[in-house]
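This briefing introduces a protein structure to a reader who has not met it before. Please keep the sequence and the structure in view while reading.

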Amino acid sequence: MNWTEQAPALADLEDHATKALNTLAPKDVPEGAVLFSPGESVKGYVIVLSGRVNVCLTGASGREMQLYAVEPGQSCIQSTLGLMGDEAYSAEAVVAEPTRLVLLPKALFLDLLDQSAAFRHLVFSAFADRMQIVMQLLEKVAFQRIESRLAAALLSTVDAKGDVLATHQELASRLGTAREVVSRRLEVWARFGWVQTTRGKINLIDINALQAIAENT
């Protein structure tokens, strides 16, 4: 089976575009692998077939903020901007879980962008969707209280058992704040009986209380 059949977003591509893509081979990348770092030239356009890649910015202080995650059907702004504007990466991409992906070399990416209307539409639509997510993140960081953002992040990732499988550092990176800030908030909520924290896991005990905090922006 050709790998493009595993990517529903590519279903409407013209035959010549699909044929060109299928000359490439998928690659399995382990958790923790760094796909690119700030200052590196753009290697190509990544299509994620399974798994997840986190794209983060790191400030001079060492504080890290997750800009977005790239999952199947989603695009990477850093790669698109670099390929079209010939700019180096300004963020870092780290594989968050075992991931299968395909890397389109720059020459092929630009060729398909020029010759395939369906591929061009796919790239620009995905880019627009991703930019909207980044703008929402900037709005939250600028105007929403950290308590509200933390509560919302917990509620959005809780599983059926009421657990959030994330470290304090991972939550801090996602929210664009320091780990100590997240830890202090969780300690207070634990004293209130709203959450229970263990290594790498947070159990949500009082969903209603956290929901009220999330809505109090």
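**Salt bridges, a hairpin and a helix**

Arg52 has a relative accessible area of 25% and is therefore partly exposed. The model that contains Arg52 is a predicted one. Arg52 takes part in a salt bridge with Glu97, in which the closest N and O atoms are 3.0 Å apart. The points below begin with this pair and then turn to other salt bridges, a hairpin, a helix and a loop.

**Salt bridges between strands**

- Glu97 belongs to strand S5 and Arg52 to strand S3 (residues 44–58), so their salt bridge ties together parts that are 45 residues apart in sequence.
- Glu97 counts as partly exposed, because its relative accessibility is 31%.
- The structure holds 8 salt bridges, and one of them joins the side chains of Asp28 and Arg100, with an N to O distance of 3.0 Å.
- Asp28 is part of strand S1 (residues 27–29) and Arg100 is part of strand S5, so this pair ties together parts that are 72 residues apart in sequence.
- Asp28 counts as exposed, since its relative accessibility is 56% and the cut-off for that class is over 50%.
- Arg100, at 26% relative accessibility, counts as partly exposed.

**Further salt bridges**

- Arg179 and Glu180 form a salt bridge in which the closest N and O atoms are 3.4 Å apart.
- Arg179 counts as partly exposed, with 36% relative accessibility.
- Glu180 is partly exposed as well, its relative accessible area being 42%.
- Arg145, Glu147 and Arg185 are joined into one network by salt bridges that share partners.

**The hairpin of S7 and S8**

- Strand S7 (residues 195–198) and strand S8 (residues 201–204) run antiparallel and are joined by 4 bridges.
- Within this pairing, Val195 stands opposite Leu204 in S8.
- The hairpin has 2 residues between the strands, and Gly200 takes a positive phi near 75 degrees there.

**Helix H6 and the residue after it**

- Ser173 is placed in helix H6, which covers residues 168–175.
- Ser173 counts as buried because its relative accessibility is 4%, and the cut-off for that class is under 20%.
- Apart from neighbours within four places in sequence, Ser173 is in contact with Glu64, Met65 and Gln66.
- The buried residues of H6 are Leu171, Ala172, Ser173 and Leu175.
- Gly176 comes just after H6 and takes a positive phi of about 75 degrees.

**The loop after helix H2**

- Asp86 lies in the loop between helix H2 (77–85) and strand S5 (92–105).
- Asp86 is a residue other than glycine, yet its phi is positive, near 55 degrees.
- Asp86 is exposed, because its relative accessible area is 61% and the cut-off for that class is over 50%.

Conventions:
Residues numbered from 1 in each chain as written. Predicted model: local features only at pLDDT ≥ 70, side-chain atom pairs only at ≥ 80, totals over all residues. Heavy atoms only, no water. Buried < 20%, exposed > 50% of the residue type's maximum accessible area, 1.4 Å probe, protein only. Contact = heavy atoms within 4.5 Å. Pairing = 2+ DSSP bridges. Salt bridge = Lys/Arg side-chain N within 4 Å of Asp/Glu carboxyl O.
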